[in-house]
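The exercises below go through one protein model, each with a worked solution. Look at the sequence and the structure, try each task, and then read the steps.

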Amino acid sequence: MEFDEMDVETIWQDGSFVDWDDATVHVLTHGLHYGTGVFEGVRCYDTQNGPAIFRWDEHLERLYQSAQPYDMEIPYTREELTTATLELLRREKLESCYIRPVAFYGYGSLGVSPGDNPVDVAIAAWPWGAYLGEEALTKGVEVMISSWRKHASSQIPTNAKTTGLYVNSLLAGEEARRNGYTEAIVLNKEGNVAEGPGENIFMIRDGEIYTPGLSESILDGITRNTVIELARDRGYTVHDRATISRGELNTADELFFTGTAAEVTPIRKVDNVEIGDGSRGPVTEELQQAFFDLIDRETSAHEEWFTYL
Ligand SMILES: Cc1ncc(COP(=O)(O)O)c(C=O)c1O
């Protein structure tokens, strides 16, 4: 859905609630020119016990950590950003939505060094359904190995969720879509599997679960962490520091993506080669169910992951 078709009227910007149309920045904003922003993507679910933000504390923590390599001091406390977000969702009566906090070097001077430029912060929220389409969750997606490689973490901190990094995600994702696929898989500089443009990736082989380790140039995904925990709760062996070669994808029993936007999305084909029998596999289905059960059950197995409005 386009923003213009939405019924959300307010955005929190630099300490106050402003009209959606007034939440603007100067064209000489540092972050616009150099990609010097950090952000989060968070979901609020309409659970059995009312609307609740999923793993808010972890997302907030990652936002502050992302700012660290850029020496960016977010001029609000965790409590202030939490209060602002809860207030925004309540005002807009948003029960099931996507939340986008962003902090960036603002307007002041335009050298690459941000100097004394202010750090601006905004929080927006809007309704957002399944990222890769409803059907993707049951049938799985067809993906292509991108010809674009992920940046090495010696070039840019890949564990910081920085706006500028997403140019690489755009290139990979659009290349895949131009070629008729739904999404891309991006290899790291070494040629091993890193992640999707906005998702982490999991592989199942002989009943065990593998996912690339943090040193493979991936984002430390919060859904990744959630699924690892859910899988271990169910007795699975999870190798969370795996190095996965490209060829292993083709011989995997199952593959799936995780992400706040993508949730748990099965991958049914890679470069037109079927994975397993070309549909959602049993382990993927079990973990996907476990993930959605967190939200749909009256008593969630992990109540500590929910911040109620
Ligand atoms: C590059 C990248 N990898 C992985 C993820 C998944 O992370 P999370 O589960 O925290 O949303 C995202 C989404 O934020 C992402 O942009």
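**Exercise 1. Find which residue just after H5 takes a positive phi, then describe the helix itself.**

Step 1. Gly180, just after H5, has a positive phi of about 90°. Helices (H or I, at least four residues) and strands (E, at least two) are DSSP runs, numbered from the N terminus. The model is a predicted one, in which local features need pLDDT of at least 70, side-chain atom pairs count only at pLDDT 80 or more, and totals for chains, interfaces and linings use all residues. Residues are numbered from 1 along each chain as its sequence is written.

Step 2. Check the length of H5. The expected span of a helix is 1.5 Å times one less than its number of residues. For the 13 residues of H5 (residues 166–178) this gives 18 Å, and the end C-alpha atoms are 18 Å apart, which agrees.

Step 3. List the buried residues of H5: Ala172, Gly173 and Ala176. A residue is buried if 20 or more other C-beta atoms lie within 10 Å of its own, exposed if 12 or fewer, and partly exposed in between, with C-beta atoms placed from the backbone. The buried residues of H5 fall within an arc of 95° seen down the axis, so they line one face of the helix. The arc is that of the directions from the helix axis to the C-beta atoms.

Step 4. Look at both sides. The buried residues of H5 pack against strand S8 (141–145) and strand S9 (183–187); in a contact, the C-beta atoms of two residues, placed from the backbone, lie within 7 Å. Val167, Leu170 and Arg178 are exposed on the face turned away from the buried side of H5.

**Exercise 2. Work out which residues of H8 are buried and what covers them.**

Step 1. Helix H8 (residues 282–296) has 15 residues and should span 21 Å at 1.5 Å a residue; its end C-alpha atoms are 20 Å apart, which agrees.

Step 2. Val283, Thr284, Leu287 and Gln288 are the buried residues of H8. They cover an arc of only 135° around the axis, which puts them on the same side of H8.

Step 3. The cover over these buried residues includes strand S11 (200–205), helix H6 (222–233), strand S14 (254–259) and strand S15 (263–270). On the face of H8 turned away from its buried side are the exposed residues Pro282, Gln289 and Asp293.

**Exercise 3. Describe how domain 1 meets domain 2.**

Step 1. Set the bounds. Domain 1 is 3–126 and domain 2 is 134–296, with bounds that come from an automatic or database domain assignment. Their C-alpha centres lie 26 Å apart.

Step 2. Count the contacts: 22 residues of domain 1 are in contact with 12 residues of domain 2. On the side of domain 1 that touches domain 2, helix H1 (30–34), strand S3 (37–39), strand S4 (42–47) and helix H2 (56–67) each supply at least two residues. H2 gives the largest share of that side, 5 residues.

Step 3. In H2, the buried residues are Trp56, His59, Leu60, Arg62, Leu63, Ser66 and Ala67. The buried residues of H2 fall within an arc of 160° seen down its axis, so they line one face of the helix.

**Exercise 4. Place Pro101 and Asp116, and say whether each is buried or exposed.**

Step 1. Pro101 sits in strand S6 (residues 97–105). It counts as buried, because it has 23 C-beta neighbours inside 10 Å. Not counting residues up to four places away in sequence, Pro101 touches Phe39, Glu40, Leu63, Leu81 and Ile123.

Step 2. Asp116 is in the loop between S6 and strand S7 (119–126). With 7 C-beta neighbours inside 10 Å, Asp116 counts as exposed.

**Exercise 5. Compare the settings of Asp14 and Arg55, which have positive phi without being glycine.**

Step 1. Most residues other than glycine have a negative phi.

Step 2. Asp14 has a phi of about 45° and lies in the loop between strand S1 (10–13) and strand S2 (16–19). Having 14 C-beta neighbours inside 10 Å, Asp14 counts as partly exposed.

Step 3. Phi of Arg55 is near 55°, and Arg55 lies in the loop between strand S5 (50–54) and H2. Arg55 is buried, with 22 other C-beta atoms within 10 Å.
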